[in-house]
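Trainee: I am new to this structure and would like a close look at a single part of it. Could you take me carefully through the empty space in the model, beginning with one enclosed space and then setting it beside the others?

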Amino acid sequence: MAVPSSDRARRPFLLSLSLFLFISAILVLLFLFLDPSPGSLAFLPSRLSGSAPSLPPPRQQDLTPTPTRGSPPHSQPAEASQPTAAEAHGESGSRGSDDNDRGARGGEADGKTGTSVAAAGAGGDDEELPPVSVRWETCSRLGRGVSSTDYIPCLDNVRAIKALRSRRHMEHRERHCPVAPRPRCLVPLPFGYRTPVPWPRSRDMIWYNNVPHPKLVEYKKDQNWVTRSGDYLVFPGGGTQFKDGVGRYIQFIEQIMPAIQWGMRTRTVLDVGCGVASFGGYLLDRNVITMSFAPKDEHEAQIQFALERGIPAFLAVIGTQKLPFPDNAFDVVHCARCRVHWYANGGKPLLELNRVLRPGGYFIWSATPVYRQEKRDQDDWNAMVTLTKSICWRTVVKSQVVNGIAVVIYQKPASNSCYSERKANEPPLCSKTDVSRFPWYAPLDSCIFATAVSSSYERNNWPVPWPERLNVRYASAPGDSASNKEVFEADTKYWKQVVSEVYFSDFPLNWSSIRNIMDMNAGFGGFAAALIDQPLWVMNVIPIDQPDTLPVIFNRGLIGAYHDWCESFNTYPRTYDLLHMSNLVGSLTNRCDIIEVAAEIDRILRPGRWFVLKDTIEMIKKMRAVLKSLHYETVVVKQQFLVARKGFWRPGKPASGSR
């Protein structure tokens, strides 16, 4: 059939138009694929490119760093670890993958959306750097009885524990850190892990799959510690000694001992053998901050439960070594049926409590020897009476038996006069030539150190009541001088300003989802003090090669511990929402590899949560390159701060947010 002449005339025009459209489409596609920079699609808040606050940073250099004051006993290397096929895929089935992908995209348990570090970090003074080349592997083959999802390197060193000559004094529950090589593996997520329940609901309920340990539920089912309800673990506030609930127990103590003054005179508490930490959790309502601790033992995951609930807690045992706290730290020490023989080994366990308890502080003991009449309990009670008298503890009150339990409260002397009046110098007062008192891998004392509180003013006014003590010039602290007080005040002022003007305003953090914080180089505790009005708590860590300012932190009514960041911290994986490190990378990496430090940061940090580094731009670049190899989203703020968000990536799985 013949083609009309008009169509023949239009054909070249149509061909030209088609060719033009085709070429245009090609050019558009090339433009999109050749310019993938997020800078064309995202923006940086104007304040990120502004200058830093005018106040200079705290002058930590004014305090001369002390050399490493403690060294660990010789430990055996960790078991060699190679990822199994299941672990290489994150040990997750379909349900776990769905939950993990949802969390990696910023979904929160309460339905709120998380803040994307990548979106906030485009443009400005943020410079993209390639990640370092690291062959990350999943922790595996760690030894019989060690869960890869709950791996704690210094407490799960199976080879070192097997080599111990004795376990009589709980040596197997103490730290035995692998040294050659140090761990670099990544802890996998438990099956079905999801973003934690937010505070304050988390005090009473947590996701079962995040801490899937039913043993304690069965073991303590008649004592109301914890129960399972569908997808949740529920904490009713009960306990072995809390027959009417922990709230009534706390009120009962205040009734029989009004001088305890929860939240005023008593601000810092050490809870020994804390169970699931309900005592410390309910004391938070009274403005009391409690360091709850227990060993990693057959009760399975007590401390993991506590931290998942958002309650301060720490893995430790009173065995053969000192606790990582300074002298005279706590206003009150509490023990509700904790399994400690205080008079054992010459009374060293009770002498350790005496060391960390403030002069004039109280020891609250509610255990079977206080109220049961069986021969074993009465023998324990008589031994306790003899020992407490020998260290000049005064029995303030011993309650009547109420609902099957009773409480005795002792008070540590506020002066040294009683020690010199004893008929027998047993246990003896420590001499100045005794082994260093610094409590890092140090053996328990067999002597009593004289109290530093000597003047009548300090006996009557120390500690300063809460909340005044938070910002008061500290007293009775090592090296207390006018220059140090100036540094203390400058530190407090600096952190108050920078937290308000930068951390809350410019950081891509969802503060409403942050509950557990660790300050990895806490200095005077200024960062924690600046956050005191927020619904969160801070574990203030003083590295052992930095100036010893932990006594100042406790004097302020805050809590913390000593630690060496070339080793793992005594906590379970996935237990902190924000890790904060200030001016530490340089000195730290002089002693250990930054890869090992990053692996420990990754172990402690919860997926979807944040690591903040304040340091020089050189140190920021080094740490950023390592974190990028872990698929963290990162942004540099004001050339002083690195903000990094951990995703749900594990070796053998896609990066965060990918299916």
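Mentor: The second largest cavity in this predicted model has a lining of 20 residues, and those that lie nearest its centre are P153, P183, S568, E596 and E600. Its volume is about 200 Å³, and when its lining is sorted by class, 14 residues are nonpolar, five are charged and one is polar.

This cavity belongs to a set of seven, each of 30 Å³ or more, that a search of the whole structure finds. The largest cavity holds about 230 Å³ of space, and 17 residues line it, with R175, Q321, K322, P324 and N570 lying nearest its centre. In the lining of the largest cavity, ten residues count as nonpolar, four as charged and three as polar.

An open space can be read in a similar way. The second largest pocket has a volume of about 640 Å³, and its lining is made up of 27 residues, among which G145, V146, D156, R173 and K296 lie nearest the centre. Helix 5, which covers residues 158–162, gives the most to the lining of this pocket, contributing three residues. Sorted by class, the lining of the second largest pocket has twelve charged, nine nonpolar and six polar residues, whereas the second largest cavity, where we began, has 14 nonpolar residues in its lining, along with five charged and one polar.

Definitions and conventions
Residues are numbered from 1 along each chain as its sequence is written. This is a predicted model: local features need pLDDT of at least 70, side-chain atom pairs count only at pLDDT 80 or more; totals for chains, interfaces and linings use all residues. Side-chain values use heavy atoms; hydrogens and water are left out. On a 1 Å grid over the protein atoms alone, a cavity is a set of points where a 1.4 Å probe fits but cannot get out, and a pocket is an open set with protein on both sides within 12 Å along at least five of seven lines; lining residues have an atom within 4 Å of a point. Grid points are joined across faces, edges and corners, and a volume is the space filled by probe spheres set on the points. Helices (H or I, at least four residues) and strands (E, at least two) are DSSP runs, numbered from the N terminus. Ala, Val, Leu, Ile, Met, Phe, Trp, Tyr, Cys and Pro count as nonpolar, Asp, Glu, Lys and Arg as charged, and the others, Gly among them, as polar.
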